[in-house]
Amino acid sequence: MALFGRPEGLNFANCVRKESAISAFALRHNILLLLISGLDISLNEISFLEDVYAELKIPVEQQCELIWLPIHNGSWTTSSKEKYKKLLRMMPWYTVQYPTVITKETIKFMRDIWKFHRNPIIVVLNADGNVVCPNAIHLIHIWGAKAFPFTKPKERSLWAGEARLDSLVMGFDPRVSNMLGGGKWVILCGGNDTELIRDFVVVLQEAASDLSISIEMIIIGRTADNEQIDKIIYSKSPVTPDYYDPHSRKTWYLWTRLESLLISMHQRFIARDYSMDPSFQEVKKLLSYASAENWACLITPSSDVMIHGLGDTMLQAFTEYKTWKQHLHTKDFTKFLKNHIGQLQSQGSGYPCSQIILNTDNNDVIESMKCPHCVYAMEKQIQYKCCHVDSDELE
């Protein structure tokens, strides 16, 4: 394996961190996490990994280091150098002194063997220098530092120990777990329909008052329509939503975590038919909302069931709350609401076309997938997206 121009073996002599060099000998007994990316790695990704890295370094006996291998093709311009320096200032871990020390042969190896294309990957090497995980990025998105040492047995134990899908999904924001732990109900409301959000505020307050419960509302924005959102947030309604900007780390992490859950489930169940697994179906539905005009998801402290659907159906179910509230007690609310939503969906004209966009490369591709709302196979399309990086960055 050739890294940094040494065909006979690993050589980390060119690694630096905040102007401090590290020797290959110092890393000999460490588990190494090789973060491989272009200079277009997102600031949200760096910020997230910074928190994970800090957690990994807490146990003194846990010998683990993260090294960034920035991949850059083409000429090393002033613009490239400034971009590299800007990213380097944000990273508390080691990196190569300059991306130019990584040879074309090494880059080819990373593409051919480790399947790096454009999206960041994290290759994990054990203390003997053997690859124990060809890409731990999805494990880290889901479990963070708890996934250490990022091996298959560790992944299996994490899946076996985590029974509640809602806690996995809602882990994108620790505040949600605190709200649920405090006995509050949490409803996520997404999309661009500000009128629907305003109507939700009204019907939620009525239901909360009748049931003597406290509801927290979180708006997951798709566009930064701050003026309209502010009118909702600063209204006099007792339900005051929190708004997560579409470009914020929390919004990024919600969809990234769901995508990683889907890919991890796919890889975990690949030996058998996973297509109708209930958890896999739920994650697909949630991920399809990323491109929906409006959607909502309710989580309650007393149930591990997430009640979710397109926004107009969810709003109708809450609007018709008066017609079925006399048939339930608070503890039965989620059961009745879920049944009522199912009835509304069966009475309607069905779901609009669903789409699931995966920001993955070939090594994580899911060859086929059934629609989360029906039994038909989804049409697979290829999407090309320009991120406006330097023209000579990645070929």
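# Briefing: sheet, salt bridges and a helix pair

Five strands form an open sheet with mixed pairing, and their order across the sheet is E10-E9-E8-E11-E12. Its edge strands are E10 (242-244) and E12 (307-310), each of which pairs on one side only, and the twist from one strand to the next averages 15°. The model described here is predicted, and the protein in it has 395 residues, of which 49% are buried.

**Overall make-up**

- The secondary structure of the protein comes to 14 helices and 12 strands.
- When contacts in the protein are counted between residues at least 6 apart in sequence, 69% of them join residues that are at least 24 apart.

**The E9 and E10 pairing**

- Strand E9, which covers residues 215-221, runs parallel to E10, and three bridges join the two strands.
- Within the sheet, Ile218 has Asp242 of E10 standing opposite.

**Salt bridges between distant parts of the chain**

- Side chains of opposite charge can pair when their charged atoms come close.
- The structure holds nine salt bridges, and one of them is formed by the side chains of Arg118 and Asp40, with an N to O distance of 2.8 Å.
- This pair links distant parts of the chain, 78 residues apart: Arg118 lies in the loop between helix H3 (104-112) and strand E6 (121-125), whereas Asp40 lies in the loop between strand E3 (31-37) and helix H1 (43-56).
- Arg118 has a relative accessibility of 29% and therefore counts as partly exposed, and Asp40, at 23% relative accessibility, also counts as partly exposed.
- A salt bridge also joins Arg249 to Asp51, where the closest N and O atoms are 2.7 Å apart.
- The Arg249 and Asp51 pair likewise links distant parts of the chain, since Arg249 is in helix H10 (residues 249-268) and Asp51 is in helix H1, 198 residues apart.
- Arg249 counts as partly exposed because its relative accessibility is 27%, and Asp51 is partly exposed with a relative accessible area of 40%.

**A salt bridge with a buried partner, and a network**

- Glu65 forms a salt bridge with Lys57, and the closest N and O atoms of this pair are 2.8 Å apart.
- The two partners fall into separate accessibility classes: Glu65, with a relative accessible area of 7%, is buried because buried means under 20%, while Lys57, at 34% relative accessibility, counts as partly exposed.
- Asp173, Arg175 and Lys250 are joined into one network by salt bridges that share partners.

**Helices H12 and H14**

- Two packed helices are described by the angle between their axes and the distance between the axes.
- The axes of helix H12 (residues 311-319) and helix H14 (residues 333-347) come within 10 Å of each other and cross at roughly 125°.
- That crossing angle makes H12 oblique to H14, because it lies outside the range of 65 to 115 degrees for roughly perpendicular axes and is not over 145, the limit for roughly antiparallel ones.
- The crossing in which H12 passes H14 is right-handed.
- On the H12 side, the residues in contact are Thr313, Met314, Gln316, Ala317 and Phe318, and they meet Phe333, Leu337, His340, Ile341, Leu344 and Gln345 in H14.

How values were computed: Residues numbered from 1 in each chain as written. Predicted model: local features only at pLDDT ≥ 70, side-chain atom pairs only at ≥ 80, totals over all residues. Heavy atoms only, no water. Pairing = 2+ DSSP bridges. Helix = DSSP H or I, 4+ residues; strand = E, 2+ residues; numbered from the N terminus. Axes fitted to C-alpha atoms, helices over the stretch in contact; angles between N-to-C directions. Salt bridge = Lys/Arg side-chain N within 4 Å of Asp/Glu carboxyl O. Buried < 20%, exposed > 50% of the residue type's maximum accessible area, 1.4 Å probe, protein only. Parallel < 35°, antiparallel > 145°, perpendicular 65-115°, else oblique. Left-handed = near helix turned anticlockwise from the far one by under 90°. Contact = heavy atoms within 4.5 Å.
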